[in-house]
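Please open the structure in your viewer and keep the sequence panel beside it, since this tour moves from one selection to the next and says what is found at each stop.

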Amino acid sequence: MQLKQKLEILADAAKYDASCASSGTEQRNSRDGKGIGSTTGMGICHSYAPDGRCISLLKILLTNFCLYDCVYCVNRVTSNVPRARFSIDEVVQLTLSFYRRNYIEGLFLSSGIIQSPDYTMEQVVEVARILREEHDFRGYIHLKTIPDASPELLARAGRYADRLSINIELPTAASLSTLAPEKDGLAIRVSMGKLRERIDASKDKTLTGKRPPRFSPGGQSTQMIVGADATDDRTILNTSADLYGQYRLRRVYYSAFSPVPDASPVLPLQSPPLVREHRLYQADWLMRFYGFESHEIITGEQGMLALDMDPKTAWALQNRAMFPVDINRAPKATLLRVPGLGVRNVQRILAARRVRAVRLDDLVRMRAPVNRMLPFIQLPDHHPGARLDAASLPAQLKETPALPQQLGLFL
């Protein structure tokens, strides 16, 4: 098979793996004339997946052959799709060639399981080793690790990668057992725990004052498939909160399930609305940056996020007694709970009110979404009055996100 054909198959097979982002790593570049690549340069060409995700990495599978039969996966062993496999040298040369052409800023490499988890992981790690040691590549490398691989191989992966990820796949152990019987939920969490220990150890100085060898400076991430089972959003967010707390993950990615050819009858016939994935990301952001607990975000009996309203606005409407918030007196934690106020504008408000009282015109100049905020805030020149308690307020705040429809794996 020609290299171009392999690239078409294996890049397409990797496009629904959402857990790649070139953030949070250490800064490296080749401005001193040594090596090749950078983790900080801007002049790259971005491409976009059909569902709108920005891709700035060469995101490919080493192979889409796989021994496992996960029913939701297009690359499962029983799937009737074209198969291909890169050699280690082909991946290395593709990465260097694409970087020199300014197409990418790094590499995201995953793989189906072939022969054994250890054999596959060894191949993936060897790609990263050759790039780092033989070509002095200083760009970003994200490796998808295999939970059942040996600890020694996971340790080697962390030496070369900026970020590692292990997909938890599904939010509950019961769903994983039903839809991916060859995968072990306990093994996945054990591997996450070992990665966390190594990442933490790499940040601690030794008795001599020197830092230990680098290990995945960008941390670790994971991905959950949404809509392949009946799990509600409350359970998904509780699982995410547990992962953030136990393993200090940098990101939990959510990927809306896409129907696959020759699907198992246990799978839904249609994909979930893509806006559900969007709302989960918004709720995830509230937990990570806005001080919300997972149990606060969803309180209804159905356990689902509203699709026609962002989670913070929905929470505020359910807790109207906490409003209006006095913008000039409220502490930071309270300001972060005001619908429409982001972290950056909260910082601006805190800085501005040290000098003088913040007024409505100041919020307009900050380009804050004032119309969404007005029912919930109090200013020297504004008070919401009866509007906050109006029965019509929820209808006024509903929105229809302009999100694309989730595409199938085959068009």
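Begin by selecting Asp136, whose place is in the loop between α3 and β5. The model you are looking at is a predicted one, and in it Asp136 has a positive phi of about 50 degrees although it is not a glycine. Most residues other than glycine have a negative phi. With a relative accessible area of 33%, Asp136 is partly exposed, because that value falls between the 20% limit for buried and the 50% limit for exposed. Now show the side chain of Arg138 as well: the side chains of Asp136 and Arg138 meet in a salt bridge, at 3.2 Å from N to O. Unlike the partly exposed Asp136, Arg138 is buried, with a relative accessible area of 18%.

**Along helix α3**

Next, select residues 117–134, which make up helix α3, and display the side chains of Glu126 and Arg129, which form a salt bridge with 2.8 Å between N and O. These two residues are three positions apart in the helix, so about one helical turn separates them. Arg129 is buried, at a relative accessible area of 17%.

**A salt bridge elsewhere, and a network**

Move on to Arg356 and Asp362, which also form a salt bridge, with their closest N and O atoms 2.9 Å apart. Here Arg356 counts as partly exposed at 47% relative accessibility, whereas Asp362 counts as buried at 9%. For a wider selection, take Glu126, Arg129, Glu133, Glu134, Arg156 and Arg159 together, which are joined into one network by salt bridges that share partners. Side chains of opposite charge can pair when their charged atoms come close. In the whole model the count comes to 23 salt bridges.

**The parallel sheet**

Switch to a cartoon view and find the open sheet of six strands, whose order is β3-β4-β5-β6-β7-β8 and whose pairing is parallel. At its edges stand β3 (58–61) and β8 (251–256), and because each has a single partner strand, one side of each is left without a neighbour in the sheet. From one strand to the next, the twist averages 20 degrees. To look at one pairing in detail, select residues 106–110 and residues 140–144, which are strands β4 and β5 and which pair in the parallel sense over four bridges. Within this pair, Leu109 stands opposite Leu143 in β5.

**From helix α7 to helix α8**

Select Ser240, which lies in helix α7 (residues 233–247). At 0% relative accessibility, Ser240 counts as buried. If its neighbours within four places in sequence are left aside, Ser240 is in contact with Met224, Val252, Tyr254, Asp284 and Met287, so these five make a useful selection for viewing its surroundings, contact here meaning heavy atoms within 4.5 Å. Keep Val252 displayed and add Tyr281, which lies in helix α8 (residues 274–289). Tyr281 and Val252 are 29 residues apart in sequence, and their C-alpha atoms are 8.8 Å apart in space. Tyr281 counts as buried, at 18% relative accessibility.

**A nonpolar patch on the surface**

Turn on the surface and select Trp285, Phe289 and Val343, which form a nonpolar patch with about 250 Å² of accessible area together. Val343 lies in helix α12 (residues 343–352) and is partly exposed, with a relative accessible area of 31%.

**Two backbone details**

Which kind of peptide bond, cis or trans, runs from Phe323 to Pro324? Zoom in on the backbone there and the bond is found to be cis, with omega near 5 degrees. Most peptide bonds are trans. Pro324 has its place in the loop between α10 (311–318) and β9 (325–326). Then select Arg367, in the loop between α13 (360–365) and α14 (370–373). Arg367 has a positive phi of about 60 degrees although it is not a glycine, and at 78% relative accessibility Arg367 counts as exposed.

**The whole protein**

Finally, zoom out to the full model, in which there are 15 helices and 10 strands. Of the 411 residues in the protein, 53% are buried. The protein exposes about 19,400 Å², with carbon and sulfur atoms supplying 52% of that area. Among the contacts with a separation of 6 or more, 69% are accounted for by residues 24 or more positions apart.

Notes:
Residues are numbered from 1 along each chain as its sequence is written. This is a predicted model: local features need pLDDT of at least 70, side-chain atom pairs count only at pLDDT 80 or more; totals for chains, interfaces and linings use all residues. Side-chain values use heavy atoms; hydrogens and water are left out. Patches are made of residues with over 30% relative accessible area and no salt bridge: like charges are joined within 9 Å, nonpolar side chains (Val, Leu, Ile, Met, Phe, Trp, Tyr) within 5 Å. Accessible areas come from the Shrake-Rupley method with a 1.4 Å probe; for residues, only the protein chains shown count as cover. A salt bridge is a side-chain nitrogen of Lys or Arg within 4 Å of a carboxyl oxygen of Asp or Glu. Buried means under 20% relative accessible area, exposed over 50%, partly exposed in between (1.4 Å probe, protein chains only). Two strands pair if DSSP finds at least two bridges between them. Axes are lines fitted to C-alpha atoms, for helices over the stretch in contact, and angles run from 0 to 180 degrees between N-to-C directions.
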